[in-house]
Amino acid sequence: MADSIMDLTPKPISGKDCTQHAPDIPGAAADISGEKDDKTYIIEIDHISKWFGDKQVLDDVSLFVKKGEFVTILGPSGCGKTTLLRILAGFNLPTEGSVRMNGTDITEIPPHQRPMNTVFQRYALFPHLNVYDNIAFGLKLKKVDEDSIDKQVRRVLKMVGLTDYEERDVESLSGGQQQRVAIARAIINKPQVLLLDEPLAALDLKMRKDMQLELKQMHKELGITFIYVTHDQEEALTLSDTIVVMNKGKVQQIGKPTDIYNEPVNPFVADFIGDSNILNGIMVEDRKVLFMYHEFECVDEGFQPNEHVDVVLRPEDIYIMARNDKGQINGTVQTCIFKGVHYEMTVITDHGYELLIQDYNAFEVGQEVSMIIKPFDIHVMHKERFNNSIHGTLKDSAHIEMLGGLFECEPVEDIESGSDIMVDVEFEDIELMDYTEDGGAAGCVSFILYKGNHYQLTVTSDNGDDIYVYTNEVWDDGDIVGIRILPKDIRNIRRI
Amino acid sequence: MKKFLAKSYLYILLLVLYAPIAIIILFSFTNSKTIGDWRGFSLDLYANLLSGQAAHSATITQAVINTLVIALIAAAISMLLGSIAAVGIFNIRNRKVRKAIQFANNIPMINPDIITGISLFLLFVSLGISGGYVTVVLAHIAFCTPYVVLSVMPRLTRMNPNIYEAALDLGATPLQAFNKVIIPEIKPGMVSGFILSFTLSIDDFAVTLFTKGSNGLETLSTYIYADARKGGLTPELRCLAAIIFLTVLILLIIINRRSSRFNKEQ
């Protein structure tokens with residue numbers, strides 16, 4: 001990732017986000033002014049990195065959370081989101097960076113002294129205590145008098161819908177009930193921030209939907225700041241005021257759910273949030289983008305003339321109709337599935353691109369159709385890179401050590417052996433092999449993006465460098481592959 | 001026929017296994033000097049034993065007291081050491097190191113008693129500690145502790161690893177979290193470990209023999225051994241053997257019940 005072109009410096013979320021729900025939140029009114037900026041943030045995560053041994057799980061993460069906000073940290077498993085939450089809770093120390101709460105550095109404050117509480121993924125209820133004692137655990141430690149504990153336990157039990165469950169053994173409860181007890185056990189302590197680690201992941205779909213609504217309601221009633229970790233993009237869109245999308249230890253995008261959905265900053269976000277068609281395109285000039293062999297009008301500006309870009313089309317934004325001469329592109333329906341409210345179809349365009357389309361009308365398989373895409377439904381993104389710039393070492397005049405392996409190159413004369421060099425390799429010039437020994441180096445497929453008529457794979461090589469590969473072959477996430485690059489395709493060898 | 005043979009094989013095996021102890025128990029209920037000489041049912045030997053009228057009665061009583069005291073102290077200390085060790089081993093992050101330590105923990109259990117006895121004997125001699133109560137208790141702690149580790153470990157591995165953190169999160173200090181959350185979770189394992197250690201200690205002969213020194217300290221096992229070598233077993237010892245057998249049997253049943261209940265819960 002070292003040579004990634006992405007600029008993802010997370011910016012504080014603009015003051016307006018907070019005002020939408022400010023009336024519900026005690027104390028939030030003062031924050032709207034935006035004058036004393038740093039006081040409005042209850043949590044400031046400042047350039048945090050975390051290494052476990054030689055594995056980096058968080059890479060320079062910064063995040064600012066407003067008081068009363070519902071922030072969701074969203075990402076695939078292994079993206080570092082749980083580690084980030086554990087650093088907030090105090091279970092892990094960051095390798096670099098700091099965490100501030102209400103302006104005070106709390107990076108090294110132990111968990112039991114932090115005014116936050118956590119709802120754990122697998123509930124983590126105390127099995128030897130009943131529901132009442134589980135919930136009263138925090139208050140009893142604080143030596144609150146028994147009458148008051150009694151009152152508060154009953155109040156939170158009512159809030160989570162478990163009135164009269166006081167004496168029950170926690171292990172006799174269903175998953176959903178256990179989760180409610182876990183939530184009750186946390187909120188009874190009136191934390192300033194509630195941390196939730198995939199709290200609904202173990203519940204079935206129906207229960208999950210119900211609990212989502214209840215959590216949202218609870219957030220409104222309590223006015224507590226919620227920081228919620230999930231891998232479920234739909235959950236994130238439903239619940240959050242702000243979504244933080246993470247991948248490979250880095251923040252990809254921070255924004256309101258609608259912004260994240262409509263204006264993803266890179267193909268990863270576009271692919272991860274909702275369904276999407278992601279295609280290669282060329283920005284001919286401002287508001288004109290060429291893709292699928294058609295020049296479309298769009299609303300994006302500020303690109304270089306003829307810049308290569310990624311184009312995102314949401315499946316519900318492509319208008320589909322029976323074949324006529326008004327369509328911008330033509331194609332044939334390949335599959336059609338009824339999804340309850342809409343139909344989901346794949347259409348192969350006459351130029352061989354596969355598009356995912358959702359529409360209320362069904363078109364039969366094999367039917368010829370035409371499609372229109374409106375300018376504001378086309379979302380254009382800068383490409384993260386135009387080719388692979390790979391760092392390596394020149395071993396001798398015809399060999400380069402890079403990507404954790406040895407590659408033959410065309411003879412180099414003007415650079416002495418042993419120098420650090422950079423080389424360029426086009427995405428389509430890399431061939432992936434079934435057996436690692438067939439390639440100059442080995443790697444692991446870590447991200448797959450379908451681009452309508454080919455796949456764009458991210459392959460993480462043995463030395464940790466990511467390379468992008470265009471291929472028509474089907475690979476799976478996690479496949480171990482050999483990386484083959486022909487000598488003539490290793491270009492622009494230069495000293496650094 | 002085949003079925004009959006298969007079945008009787010099992011019964012013959014059990015009979016051979018249990019015949020010696022059965023004979024001792026049987027002959028504890030008759031008043032005779034030697035085994036094999038049945039003189040009708042009587043509880044005289046039990047009466048003699050309990051009222052202190054048997055030959056060397058005072059020594060026997062002292063041996064019983066020694067055995068019980070040593071077993072209680074050794075079991076209690078083993079329970080503490082073993083539980084702490086189990087928590088420590090469980091928390092080792094490095095898998096290889098953890099496996100290695102668990103393996104090291106298992107060695108004393110498969111090591112023959114006689115080797116444990118001799119090595120401890122040599123250790124105490126080289127350290128200049130003279131044999132007696134202290135050395136026997138230390139030796140018993142040494143061979144009981146691994147069993148406690150072994151009975152506490154499954155409780156820890158079954159435990160939701162987040163509950164300790166949940167306690168911290170709710171405001172407990174690490175010590176409070178350990179007392180209020182970890183201890184209740186592993187308590188059944190600790191109790192099983194205690195009972196197991198207790199029976200192992202009562203049961204032990206070889207290690208005790210090597211570590212008891214020459215100051216006249218006798219436990220039941222060493223006393224019975226010495227007594228049997230001096231012109232035949234004192235008849236009352238048959239009763240004692242029966243009582244010990246029964247006690248240990250009951251303790252073993254308790255342990256088995258506990259562990260099968262634990263397995264069912266899982």
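**Notebook: chains A and B, predicted model**

I began with burial in chain A, where 39% of the 496 residues count as buried. I keep in mind throughout that this is a predicted model, for which the predictor gives the complex an ipTM of 0.74 and a pTM of 0.77.

*Chain A overall.* I looked up the extent of the chain and found that the C-alpha atoms of chain A fill a box of roughly 80 × 65 × 50 Å along the principal axes. For its secondary structure I noted 9 helices and 30 strands. I then asked how the contacts in chain A with a separation of 6 or more are distributed along the sequence, and found that 66% of them come from residues 24 or more positions apart.

*Domains of chain A.* The domain assignment divides chain A into domain 1, made of 16-115 + 191-268, domain 2, covering 276-382, and domain 3, covering 388-495. I looked next at domain 2 of chain A and domain 3 of chain A, whose C-alpha centres lie 32 Å apart. Their contact draws 8 residues from domain 2 of chain A and 4 residues from domain 3 of chain A. Which elements each supply at least two residues of the side of domain 2 that touches domain 3? They are β11 (277-285) and β18 (354-359) of chain A, and β11(A) gives the most, with 4 residues. By class I recorded 4 nonpolar, 3 polar and 1 charged residue on that side of domain 2 of chain A.

*A hairpin in chain A.* I followed strand β1 (residues 41-52) of chain A and found that 8 bridges join it to strand β2 (residues 55-66) of chain A, the two running antiparallel. As one pair to locate on screen I picked Lys50(A), whose bridge partner in β2(A) is Leu58(A). The two strands form a hairpin with 2 residues between them, and in the turn Gly53(A) has a positive phi of about 65°.

*Where chain A meets chain B.* Here I noted that the contact takes 17 residues from chain A and 15 residues from chain B. On the side of chain A that touches chain B, the elements giving two or more residues are β6 and α3 (131-141) of chain A, with α3(A) giving the most, at 3 residues. That side of chain A has 8 nonpolar, 6 polar and 3 charged residues.

*Helix α7 of chain B.* Is helix α7 (residues 162-169) of chain B mostly covered or mostly open? I found it mostly covered, since 7 of its 8 residues are buried. The buried residues of α7(B) are Ile163(B), Tyr164(B), Glu165(B), Ala166(B), Ala167(B), Leu168(B) and Asp169(B). I then looked up what they pack against, and the partners are α2 (81-89) and β6 (116-119) of chain A together with α8 (174-203) of chain B. β6 of chain A thus turns up again, having already been noted among the elements on the side of chain A that touches chain B. Just after α7(B), I marked Gly171(B), which takes a positive phi of about 105°.

*Confidence in chain B.* Before closing the page I checked the scores of chain B, which averages a pLDDT of 88, with 98% of the residues scoring at least 70. Among the elements of chain B, helix α2 (residues 44-51) has the lowest mean pLDDT, at 82, whereas helix α6 (residues 133-158) has the highest, at 93.

Conventions:
Residues numbered from 1 in each chain as written. Chains lettered and ligands numbered in written order. Predicted model: local features only at pLDDT ≥ 70, side-chain atom pairs only at ≥ 80, totals over all residues. Domains from an automatic or database assignment. Contact = placed C-beta atoms within 7 Å. Nonpolar A, V, L, I, M, F, W, Y, C, P; charged D, E, K, R; others polar. Buried ≥ 20, exposed ≤ 12 C-beta atoms within 10 Å, placed from the backbone. Pairing = 2+ DSSP bridges. pLDDT = per-residue confidence, 0-100.
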